[in-house]
Amino acid sequence: MTQHAAEAAEAALAAYAPYSKFRVGALVVAEDGRTWSGCNVENAAYGSTICAEANALGSAMASGHRGPIEVFVACIDATHVRDATPCGNCRQLFSELGVTHITITIDGTDSRRFTLDDLLPHRFELPDDPRPS
Ligand SMILES: [Zn+2]
């Protein structure tokens, strides 16, 4: 497991996942090496749940970071979900916030790396794209 995948797995240890018992951690890595981590935070009102990826991306944005980033996701309770991938909402966030690659590690052993086009090939984008290029 790479250092970034290990840091994502460490972030998963802080997850609040009493409903799914599916702890996830994420690490956002900028081109200059800065990192931000996040974990999933569930809620009895399921729609209020925050994914680990969204949590980490929010921290990166809150620090003022803009520009290309890579995301490492670690699922540490994935015994029954061997092919877990980010949800549709997180994929759309990846599109908006400049994520270039997503590496997913399952239980510290099975690691797969995707491009954004792999995960969201026909994504929603506005014609007058305000994102920095
Ligand atoms: Zn998600």
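Which residue forms a salt bridge with Arg 23? In this predicted model, the partner is Asp 77, and the closest N and O atoms of the pair sit 2.7 Å apart. The views below start there and then move on to other spots.

**View 1. Arg 23 and Asp 77 tie distant parts of the chain together.** Arg 23 comes from the loop between H1 and E1, while Asp 77 belongs to the loop between E3 and helix H3 (88–96). Along the chain the two are 54 residues apart. Neither end is fully tucked away: Arg 23 counts as partly exposed because its relative accessibility is 28%, and Asp 77, with a relative accessible area of 25%, is partly exposed too. Side chains of opposite charge can pair when their charged atoms come close.

**View 2. Asp 117, Arg 123 and Glu 125 are linked in a network of salt bridges.** Have a look at Arg 123, which takes part in both of the pairs shown here. Its salt bridge with Asp 117 has its closest N and O atoms 3.0 Å apart, and the one with Glu 125 comes in at 3.8 Å, N to O. Arg 123 is partly exposed, with a relative accessible area of 23%. Asp 117 is partly exposed at 49%, and so is Glu 125 at 42%. For the wider tally, the structure holds five salt bridges.

**View 3. Three cysteines coordinate the zinc ion.** The SG atoms of Cys 51, Cys 87 and Cys 90 do the job, at 2.2 to 2.3 Å. Read along the chain, the donors follow the spacing C-x35-C-x2-C. How accessible is Cys 87, and is it buried or partly exposed? Cys 87 has 33% relative accessibility, so it counts as partly exposed. Cys 90 has 0% relative accessibility and therefore counts as buried.

**View 4. Helix H1 (residues 3–12) has a buried side lined with alanines.** Ala 5, Ala 8, Ala 9, Ala 11 and Ala 12 are the buried residues here. They cover an arc of only 155° around the axis, so they end up on the same side of H1. The helical repeat helps make sense of this: an α-helix has 3.6 residues a turn, so residues three or four places apart point the same way. Turn to the face of H1 away from the buried side and you find the exposed residues Gln 3 and Glu 10. And what covers the buried residues of H1? The cover includes strands E1 (24–30), E2 (35–39), E3 (69–75) and E4 (99–106).

Methods: Residues are numbered from 1 along each chain as its sequence is written. This is a predicted model: local features need pLDDT of at least 70, side-chain atom pairs count only at pLDDT 80 or more; totals for chains, interfaces and linings use all residues. Side-chain values use heavy atoms; hydrogens and water are left out. Donors are N, O and S atoms within 2.8 Å of the metal (3.2 Å for Na, K and Ca); water is not among the atoms, so sites may look incomplete. Buried means under 20% relative accessible area, exposed over 50%, partly exposed in between (1.4 Å probe, protein chains only). Helices (H or I, at least four residues) and strands (E, at least two) are DSSP runs, numbered from the N terminus. The arc is that of the directions from the helix axis to the C-beta atoms. Contact means heavy atoms within 4.5 Å. A salt bridge is a side-chain nitrogen of Lys or Arg within 4 Å of a carboxyl oxygen of Asp or Glu.
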